[in-house]
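Morning, everyone. I have one structure to go through today, and I will keep it short. Please have the sequence and the model open.

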Amino acid sequence: MSKRKLFAGAALICSVVLAACGSGSKMSEAATDTAGSFEYDNYANYEEAAEEAQLTNYSSVDGEATSTMVEETAQATNRKLIKNVNLEVETKTYDALMKNLEEEVEKIGGYIESMNAYNGSYLYSQKGERHASITARIPAASLDDFVKKVGEEANVTNRSESVEDVTLTYVDMKSHKKMLTEEQERLMELLENAASIDDIIAIESRLSEVRYQIESMESQLRTYDNLVDYSTVQIYIDEVVELTPVEEETAGERIVTGFSRSLHNVIDGIKNFFIELIIAIPYLIVWAVVIVILFFVIRAIMKASEKKTKRLAAERRARMAQTPAEQKTAAKAENTENPGYPYEKKPDNSYDNH
């Protein structure tokens, strides 16, 4: 009996010891897991920890960005609108209009982005009217007043406007930039506490990508700000003699206008004809000299040919009028003058048959 108690006591002690060892093993594993969860702070496995932290940050920041974007969009009083205006105008006072437009753009704080002016040279045009193309950047607050001023200075024949709302894109880009800026700050803190070369390389690689994205977004935001703050106005200017009516005309007005235009075209055509004729005088003189020379050369050739034909005909008639004895004497005389002549010319007895 005492042996059984002793054996039971020994078994109980062994079980207690084994339980204690198992508990210690589990505690050790738990401690190991806990230490592994803090490897991010110790930079033992930076890439996995950084990726996990980045995903967590993205989810929290995306939620904040979404709510912020909705609030800013709903409560925005100054929307980001890009406005573009195209104007086609006519004027009789080309120089005065160009000067007034440049002064007006400078007065309201804008600037001329580009200009292309044609001086009306007859070298490349038959009409010679001048025209110009101006691209002006006008402060958005002064756009309507500037367009109205252009309409007062010139005759507007065509006008088109376009508006692009970039508010949501702008707000979303700004929120994304804020998120990247916060990530950049955390990466700088991690870089200061990095212990290994691998951690430093990984952090600097990600830091370069973040900085590049921030600079790219800042450039896009500046571009949007410029396009929003300064509207683009494209003006096409034509110098004309008569302005195009912009209001609907009655039948009588159309007849008068059409007749006046036709008469003007006829007069303008006659004027251009004489102008071109005077311009072409040097060419006409050259062609006239060439034609006269050709005329005299052809005339001389024709006269020489005619004289030769007459001489041959006269000789033929003279031979036909000679008697056989005269023909024989003439042939002998010809042989005497030409001793190398290979044969003696026989007299022409054709007339004996008559």
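Strand 2, residues 111–118, and strand 3 are joined by seven bridges and run antiparallel. To find this pairing on your screen, take Ala117 and look across to Ala132 in strand 3, its bridge partner. Before I go on, note that this is a predicted model.

Strand 3 also pairs with strand 5, residues 230–239. There the count is nine bridges, and the direction is again antiparallel. One pair to look for is His131 with its bridge partner in strand 5, Asp238. So how covered is strand 3? Strand 3 covers residues 131–139, and eight of its nine residues are buried.

Staying with strand 5, I picked out one residue, Ser231. Is Ser231 buried or exposed? Ser231 counts as buried because its relative accessible area is 1%, and the cut-off for buried is under 20%. As for what surrounds Ser231, leaving aside residues up to four places away in sequence, it touches Lys83, Ala136, Arg137, Ile138, Ala140 and Leu143. Ala136, Arg137 and Ile138 fall within the residue range of strand 3. Ser231 and Ala141 are 90 residues apart in sequence, yet their C-alpha atoms are 9.1 Å apart in space.

Next, helix 6. This helix takes in residues 167–193, 27 residues in total. From first C-alpha to last it reaches 40 Å, close to the 39 Å expected at 1.5 Å a residue. Its buried residues include Thr167, Tyr170, Val171, Met173, Met179, Leu180, Glu183, Leu187 and Leu190. On spacing, an α-helix has 3.6 residues a turn, so residues three or four places apart point the same way. Keep that in mind when you read down the list: Tyr170, Met173, Leu180, Glu183, Leu187 and Leu190 are among the buried ones.

Tyr170 has a further feature. The charged end of Lys80 sits over the Tyr170 ring, at 4.6 Å from the ring centre.

On to the aromatic pairs, of which the structure holds three. One of them is Phe273 with Phe274, an edge-to-face pair with 5.4 Å between centres and 75° between planes. How accessible are these two rings' residues? Phe273 is exposed, at a relative accessible area of 51%, while Phe274 is partly exposed, at 47%. The two get separate labels because exposed means over 50%.

Last, the chain as a whole. Its secondary structure comes to 10 helices and five strands. Of its 354 residues, 21% count as buried. The chain exposes about 25700 Å², with carbon and sulfur atoms supplying 57% of that area. Among contacts between residues at least 6 apart in sequence, 76% join residues at least 24 apart.

That is what I have. Questions, please.

Technical notes:
Residues are numbered from 1 along each chain as its sequence is written. This is a predicted model: local features need pLDDT of at least 70, side-chain atom pairs count only at pLDDT 80 or more; totals for chains, interfaces and linings use all residues. Side-chain values use heavy atoms; hydrogens and water are left out. Rings of Phe, Tyr and Trp (its six-membered ring) pair if their centres lie within 6.5 Å; planes under 30 degrees apart count as stacked, over 60 as edge-to-face and the rest as tilted. Buried means under 20% relative accessible area, exposed over 50%, partly exposed in between (1.4 Å probe, protein chains only). A charge sits over a ring if NZ of Lys or CZ of Arg is within 6 Å of the ring centre and within 35 degrees of the ring normal. Helices (H or I, at least four residues) and strands (E, at least two) are DSSP runs, numbered from the N terminus. The expected span of a helix is 1.5 Å times one less than its number of residues. Two strands pair if DSSP finds at least two bridges between them. Contact means heavy atoms within 4.5 Å. Accessible areas come from the Shrake-Rupley method with a 1.4 Å probe; for residues, only the protein chains shown count as cover.
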